[in-house]
Structure formats: C-alpha cells, structure tokens
2 protein chains.
Amino acid sequence: MAIQNTGGMQRRPTHPGEMLREDFLPDYGLTVAGLAEALGVSRQSINELLRERRAVSPEMALRLGRLFGNSPEFWLNAQRAIDLWVAAAAIKDEVERIKPLDAA
Amino acid sequence: MAIQNTGGMQRRPTHPGEMLREDFLPDYGLTVAGLAEALGVSRQSINELLRERRAVSPEMALRLGRLFGNSPEFWLNAQRAIDLWVAAAAIKDEVERIKPLDAA
DNA sequence: CCGAAAAGTAATCCGTCACGTGACACACGT
DNA sequence: ACGTGTGTCACGTGACGGATTACTTTTCGG
C-alpha cells in the first residue's frame, strides 16, 4: 500500500545548502568561490545556497550532480522535501478541506 | 552503486497534465471546473495544467495528492522529470563542461 | 429552435524567485 | 601597507504560478 504520511514531518527537512556547507565543501576542500567557478555560476548563487536563502533549481541540480558525481535527483529530492514542508505549512488548512475522492 | 544516467532520456517525459487529462479525469468522471472546485483553485490553473502550460507546484501537488489519495511526491516526481529534461536540454553543454571531481 | 447556463480559453496583473552584475567591507598573507 | 580572496548587500531581469476578468464555444431544457 502507498504510505500516505498525511501528517507531514515535525521538523524542517535538511536544506541542500546545509549538506553542501557541512559535508561537501569540507570533504572536497572547496571554497565558495571555487565551487562557483567549478559549477560555472556566480559566487552569489553559491553563497545564497549555502545560507539557505535560495532553492536548488533543476539547473543547479544538474551542475551539482555533475560535479560531485551524484544524480541531480539527489539534490532535488532534498529540495523537494523542503518545498513540500513549506507549502504544507502554508496551505495546510486549505488542503485539509479537500475531500479525498476515494473515501466517498 | 549510484546509477548515473548521464545521457538523459530520449523523449520528453510524461507531463502530469497528460496524466490528469488522460487518466484521472476520465476515471473519476471529473470536469475541469469540477476538479478546480474540488481542489480549491481557479479553473484556469487546472486548464493550464491540462494543456501542459503550467508545472505542478508543491502546493498543487499537495492538493492533487490529497484529492486522489496518492502522495504529493507522485505528482512532483513527474514534474521533476520534465523540469530536468528541459533544463538538461537548455544547459547541456554548460553542464558537460563541468569536470567531475571524482574522476580527476 | 432558442436562449441561458456551463465549460474552455485568452488577456492582464501581481508576487515570488533564480541568477548575474556591481559595489562594498573585512580579512589574511607577503 | 598592499593586493588577493572572500562574504555580503543592492539592484535589475526574466520566468513562472496564481487570481481575476472577460470573451468564446458548447450543451441542454423549454
């Protein structure tokens, strides 16, 4: 059966920027500017990502996946968890007012 | 091991709007306006979704998942496939210019 | 038939967001 | 002291989800 998880999780999921900051940058010995150049984006893009002020876009996910040898999906999964968490918090009551069709 | 799929897929992945139009609407006997009202959004939002002119947002995914009894991830997975496909087509050469760190 | 209600769609406005550029301040090493 | 690199802010741009409004087409009851 499909797990529903209608409740959503308690705490905000880990932001990809945190993963980058805590794990990837130290592990690879990269600086912000260095990463920016390696990815072919501006320093600000990386900076805002690390500060968790910007989401990982599909384009950015492609770049990150390419550089670090993992899939774009890896980065977008983390981002999606955040997006869903934020969206759920924002329109929680709206969504709960929707009557599931199965349960008729 | 992590499968890489660096090549990307040949044809454009199925748009969530197509799934709605071809499968969900007929199966549940819903009209566009009916779906819009059931979800609590405007008719245009649904209309543009069905015509594949708009992406499934996290908010919309929450609504759809709630109404149809499946997960928001289901809808966002389909959307992400499209987003990645489009992004890859757009910045393919840019990404390929990035040197993977592992492969040194 | 015909007129009204419902459904599809186009146009417009608004808020948000990823991204680049330019500028600024603060280090730290030579 | 100077210059290089790094963190950050301010601004402009283009794209996009969404609502509202209005116009067109279809459908259906009398």
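Contact here means heavy atoms within 4.5 Å, and the model described in these legends is predicted.

**Figure 1. The contact between chain B and chain A in the predicted model.** Chain B contributes 33 residues to this contact, and chain A contributes 33 residues. About 3,200 Å² is buried between the two chains, with 65% of that area on carbon and sulfur atoms. On the side of chain B, R66(B), R80(B) and I98(B) provide 21% of the area buried against chain A, more than any other three residues.

**Figure 2. Polar and charged pairs between chain B and chain A.** Two salt bridges are counted between the chains. In the salt bridge of R63(B) with E94(A), the closest N and O atoms are 3.2 Å apart. Twelve residue pairs are in polar contact across the interface, both residues of each pair being at pLDDT 80 or more.

**Figure 3. Helices of chain B on the side that touches chain A.** At least two residues of this side come from each of α2 (32-39), α4 (58-68) and α5 (72-96) of chain B. The largest share, 13 residues, is supplied by α5(B). By class, the residues on this side of chain B comprise 18 nonpolar, five polar and ten charged.

**Figure 4. The relation between chain A and chain B.** A turn of 180°, with a shift of 0.0 Å along the axis, lays chain B on chain A with an RMSD of 0.0 Å. This is the relation of a two-fold axis. Of the interface residues of chain B, 100% are also interface residues in chain A, so the copies meet through the same surface.

**Figure 5. The protein surface near DNA strand D.** Around DNA strand D there are 16 residues, of which R43(A), Q44(A), R51(A), Q44(B) and S57(B) come nearest. Sugar or phosphate accounts for 61% of the strand D atoms within 4 Å of the protein, and bases account for the rest. Two contacts of chain B involve phosphate oxygens of DNA strand D: an N or O atom in the side chain of S42(B) is 3.0 Å from one, and a backbone N or O atom of A55(B) is 3.1 Å from one. A base nitrogen of DNA strand D lies 3.4 Å from a polar side-chain atom of R43(B). Two or more residues of the surface near this strand are given by each of α2 (32-39) and α3 (43-50) of chain A and α3 (43-50) of chain B. This surface has five nonpolar, seven polar and four charged residues.

**Figure 6. The protein surface near DNA strand C.** DNA strand C is surrounded by 16 residues, and the closest are S45(A), S57(A), R43(B), Q44(B) and R51(B). Among the strand C atoms within 4 Å of the protein, 61% belong to sugar or phosphate, the rest to bases. An N or O atom in the side chain of Q44(B) is 2.4 Å from a base oxygen of DNA strand C. Phosphate oxygens of DNA strand C are approached from both chains: the side chain of R54(A) has an N or O atom 3.4 Å from one, and a polar side-chain atom of N47(B) lies 3.1 Å from one. At least two residues of the surface near DNA strand C come from each of α3 of chain A, α2 of chain B and α3 of chain B. The classes represented on this surface are five nonpolar, six polar and five charged residues.

Methods
Residues numbered from 1 in each chain as written. Chains lettered and ligands numbered in written order. Predicted model: local features only at pLDDT ≥ 70, side-chain atom pairs only at ≥ 80, totals over all residues. Heavy atoms only, no water. Buried area = accessible area lost by both parts, 1.4 Å probe. Salt bridge = Lys/Arg side-chain N within 4 Å of Asp/Glu carboxyl O. Polar contact = N/O pair within 3.5 Å; in protein donor to acceptor, adjacent residues only side chain to side chain. Helix = DSSP H or I, 4+ residues; strand = E, 2+ residues; numbered from the N terminus. Nonpolar A, V, L, I, M, F, W, Y, C, P; charged D, E, K, R; others polar. Near = heavy atom within 4 Å. Least-squares fit on C-alpha atoms with pLDDT ≥ 70 in both.
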